[in-house]
Structure formats: structure tokens, C-alpha cells
Amino acid sequence: MYVDGSAFERCESLPVKDYVRYADTYLLGATDIYQSSYTIKEGTRFIAGEAFEDCALMSSIVIPNTVEQIGSGAFRKSGLISVELNSDIAIGYSVFEGCSAISSFSFLGDCTNVPDGICSGLKKLNEVKLGDKVVAIHSYAFSECKSLSS
């Protein structure tokens with residue numbers, strides 16, 4: 001199931017935890033785009049499209065193993081510097097588009113696949129960590145990562 005970031009816009013009675021609005025196991029979006037960090041609660045299964053778009057001060061995020069899907073543009077134009085994935089996740093389009101500060105990306109834990117184009121065009125990406133369970137790196141995963149050195 002896909003949930004767009006604006007699907008529940010202005011539904012202010014839905015629960016908020018750590019500046020993030022939820023509908024059951026769906027993370028709908030940040031309620032304050034000026035936070036430097038957000039905690040995605042354990043048990044979250046889906047991150048809606050555009051959920052953290054324009055969160056320019058957010059520098060890093062750890063996505064719990066329970067997350068199965070991240071919607072298109074979920075972190076677009078955020079201030080992320082590093083990202084850690086610990087399990088296989090269905091990734092939408094342009095999830096990290098415009099994240100010009102990302103320098104480190106990790107695929108650890110139970111992560112077996114690096115999705116198509118996930119890091120494409122991340123010009124400052126200089127380090128990728130692959131766990132011992134990674135068995136597939138898909139098309140364009142690291143294309144145009146001109147600073148990638150390890």
C-alpha cells in the first residue's frame with residue numbers, strides 16, 4: 001500500500017511522537033521540519049512519500065528493521081549527512097533526491113539488497129558500508145557518486 005505524504009494533511013488529531021505524526025504503523029510526516037533529529041518508532045512499517053521533505057536541519061536517521069517501504073521523495077531535500085538501513089526495504093522514487101550533504105550510507109544488519117538508484121547523484125557520498133548479508137547491488141545504485149572513495 002502506498003500512502004502519500006499529503007494524504008492525511010491537517011489531520012491534527014492523529015498521534016504525534018517525537019515530532020512525527022503516525023496513523024497506526026504508517027509514519028505520515030514530520031510535524032516540525034526544523035528538528036535536527038527524529039526517532040522513527042519501532043513497529044513502523046511504512047514511511048509516507050514526502051514525510052521528511054525539506055527537513056533541512058535533519059542530519060542523520062536510523063530506519064528500524066520493521067520498516068518495509070519508504071515512499072517517493074520521503075527525504076527529498078533534507079539535511080541528511082548519513083543514512084543507515086538494517087533490512088531490505090521497498091524504496092520509492094527520488095527518496096534521497098537533493099540530499100546534497102549525504103557523505104555516508106550503510107546497508108547493514110539483515111539488508112541483502114541495495115535498491116536501484118538509491119544513492120544515485122549523491123555528489124558528496126564518499127563512503128558506503130555493506131554488511132556481510134548484502135548479495136545484490138542493483139542498477140545505478142551509486143551512479144554519479146563522484147566523491148565515492150570507499
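**Note on an all-strand chain**

1. **Contacts along the chain.** Take contacts between residues at least 6 apart in sequence, where contact means heavy atoms within 4.5 Å. Of these contacts in the chain, 22% join residues at least 24 apart. Some ground rules follow. This is a predicted model, in which local features need pLDDT of at least 70 and side-chain atom pairs count only at pLDDT 80 or more, while totals for chains, interfaces and linings use all residues. Residues are numbered from 1 along each chain as its sequence is written, and side-chain values use heavy atoms, with hydrogens and water left out.

2. **Overall make-up.** The chain has 0 helices and 12 strands. Here helices (H or I, at least four residues) and strands (E, at least two) are DSSP runs, numbered from the N terminus. Read along the sequence, the pattern is β-β-β-β-β-β-β-β-β-β-β-β.

3. **Dimensions.** The C-alpha trace spans about 45 × 25 × 20 Å along its principal axes. The radius of gyration is 15 Å, which agrees with the value near 15 Å expected for a compact globule of 150 residues. That radius is taken over C-alpha atoms, and the globule rule is 2.2 Å times the number of residues to the power 0.38.

4. **Surface and burial.** The chain exposes about 7,700 Å², and carbon and sulfur atoms supply 48% of it. Areas come from the Shrake-Rupley method with a 1.4 Å probe; for residues, only the protein chains shown count as cover. Of the 150 residues, 42% count as buried. Buried means under 20% relative accessible area, exposed over 50%, and partly exposed in between (1.4 Å probe, protein chains only).

5. **The parallel sheet.** An open sheet of 4 strands runs in the order β5-β7-β9-β11, with parallel pairing. Its edge strands are β5 (60-63) and β11 (127-130), each pairing on one side only. The twist averages 5 degrees from one strand to the next. For that angle, axes are lines fitted to C-alpha atoms (for helices over the stretch in contact), and angles run from 0 to 180 degrees between N-to-C directions. Two strands count as paired if DSSP finds at least two bridges between them.

6. **Bridges around β7.** Strand β7 (residues 82-85) pairs in the parallel sense with β9 (residues 104-107) over 4 bridges. Its pairing with β5 is also parallel, over 4 bridges. E84 shows both connections: V62 has E84 as its bridge partner in β7, and E84 has S106 as its partner in β9. L85, in turn, is bridged to F107 in β9.

7. **Two faces of β7.** Side chains alternate along this strand. V83 and L85 point to one face and are buried, whereas S82 and E84 point to the other and are not.

8. **S104.** Is S104 buried or exposed? S104, in strand β9, counts as buried because its relative accessible area is 13%. Leaving aside neighbours within four places in sequence, S104 is in contact with I81, S82, V83, L125 and E127.

9. **The nonpolar core.** In soluble globular proteins, nonpolar side chains tend to be buried together. A nonpolar core is a set of buried Ala, Val, Leu, Ile, Met, Phe, Trp, Tyr and Cys residues joined through side-chain atoms within 4.5 Å. The largest one here has 37 residues, of which I47, F52, I63, F75, F96, F105 and F107 touch the most other members. β2 (20-23), β3 (26-30), β5, β7 and β9 each supply at least two residues of this core. I63 touches I40, I47, I70, F75, E84, L85, N86 and I89, not counting residues up to four places away in sequence.

10. **The mixed sheet.** An open sheet of 6 strands has the order β1-β2-β3-β4-β6-β8, with mixed pairing. The edges are β1 (16-17) and β8 (90-91), and each pairs on one side only. β1 and β2 pair in the antiparallel sense over 2 bridges. V16 has R21 as its bridge partner in β2.

11. **Two residues to check.** Most residues other than glycine have a negative phi, and most peptide bonds are trans. D24 is not a glycine, yet has a positive phi of about 60 degrees. D24 lies in the loop between β2 and β3 and is exposed, with a relative accessible area of 64%. D54 also has a positive phi, near 70 degrees. D54 lies in the loop between β4 (46-47) and β5. With a relative accessible area of 37%, D54 is partly exposed.
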